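Okay, thanks for squeezing me in. I'd like to walk you through one chain, first as a whole and then at two residues. Have a look at the screen.

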Amino acid sequence: VTIEGAGSNIYYANDECYYFYAFAHGDAILIAKLVSQENTSSYAKAGIMFRETLDGGSKQFSTVVNYSTGTRILWRTTTDGSTGQASGSGSAPLWMKAVRVGNTFYGYTSSDGETWTQVDTARTINMENKVCIGLVVSSCNESELCTGVFSDITLYD
């Protein structure tokens, strides 16, 4: 799956990104391999995301790759609140996994899709039972599209 998206960032209190999603109910797992990512900014992001709504300031949890600075988990625990982040290592090609168990979220990365490393600690985010879950790209450059190529996408809902 190839996704192109612009936007200023997935961060702060209002995300600007392109989001390709489905709905999940309750506990869910999304796994995807980020095959490649375009360099539109050192902070350009591509990855996987849980969102409570499609509003820019929605509660969210993401496992992403920043083009020049490695992997991140990003989370927003309150609508229109600030975004937290924790750093990991790695760049495309890279496997990512986001897991929801109740209101606890986990982010993982893997070089082979079999051995997983948790990025930082689990995060508690009180979200509705029905949420959006999918692939996300942000160029971190509003005037340029960033391309993210994903494969081996698996959703357990």
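So, to start: what percentage of the 157 residues of the chain count as buried? It comes out at 49%. And before anyone asks, yes, this is a predicted model.

On secondary structure, there isn't much variety to report. We get 13 strands and 0 helices, so to speak β after β when you read along the sequence.

What about overall dimensions? The C-alpha trace spans about 35 × 35 × 25 Å along its principal axes. The radius of gyration is 14 Å, and that agrees with a compact globule, because a globule with 157 residues would be near 15 Å.

Then there's the contact pattern. Take the contacts with a separation of 6 or more: 65% of them are between residues 24 or more positions apart.

For the surface people: the accessible surface of the chain is about 6,800 Å², and carbon and sulfur atoms make up 46% of that. On charges, I count 16 negative side chains and 10 positive ones. The centres of those two sets sit 5 Å apart.

Right, now the two residues. The first is Gln60, which belongs to strand S5, residues 60–66. Is Gln60 buried or exposed? Gln60 has a relative accessible area of 0%, and the cut-off for buried is under 20%, so Gln60 counts as buried.

What does the side chain of Gln60 make a polar contact with? The partner is the side chain of Ser62, at 2.6 Å. Leaving aside neighbours within four places in sequence, Gln60 is also in contact with a whole list of residues, including Ile10, Asp15, Phe50, Trp75, Arg76 and Met127.

The second one is Glu16. This residue is in the loop between strand S1 (2–5) and strand S2 (18–25). Its relative accessible area is 31%, and since partly exposed runs between 20% and 50%, that is where Glu16 lands.

Which residues does Glu16 touch, not counting those up to four places away in sequence? Ala6, Gly7, Ser8, Asn9 and Ile10 are among them, and so are Ser138 and Glu142. If you want a distance to check in your viewer, try Glu16 to Asp152: C-alpha to C-alpha they are 25 Å apart in space, with their positions 136 residues apart in sequence.

To recap the two: Gln60 is buried, whereas Glu16 is partly exposed. That's all I had, over to you.

Methods. Residues numbered from 1 in each chain as written. Predicted model: local features only at pLDDT ≥ 70, side-chain atom pairs only at ≥ 80, totals over all residues. Heavy atoms only, no water. Helix = DSSP H or I, 4+ residues; strand = E, 2+ residues; numbered from the N terminus. Rg over C-alpha atoms; globule rule 2.2 N^0.38 Å. Buried < 20%, exposed > 50% of the residue type's maximum accessible area, 1.4 Å probe, protein only. Contact = heavy atoms within 4.5 Å. Areas by Shrake-Rupley, 256 points an atom, 1.4 Å probe, with all protein chains shown as cover. Lys, Arg positive; Asp, Glu negative; His and termini not counted. Charge placed at Lys NZ, Arg CZ, Asp CG, Glu CD. Polar contact = N/O pair within 3.5 Å; in protein donor to acceptor, adjacent residues only side chain to side chain.
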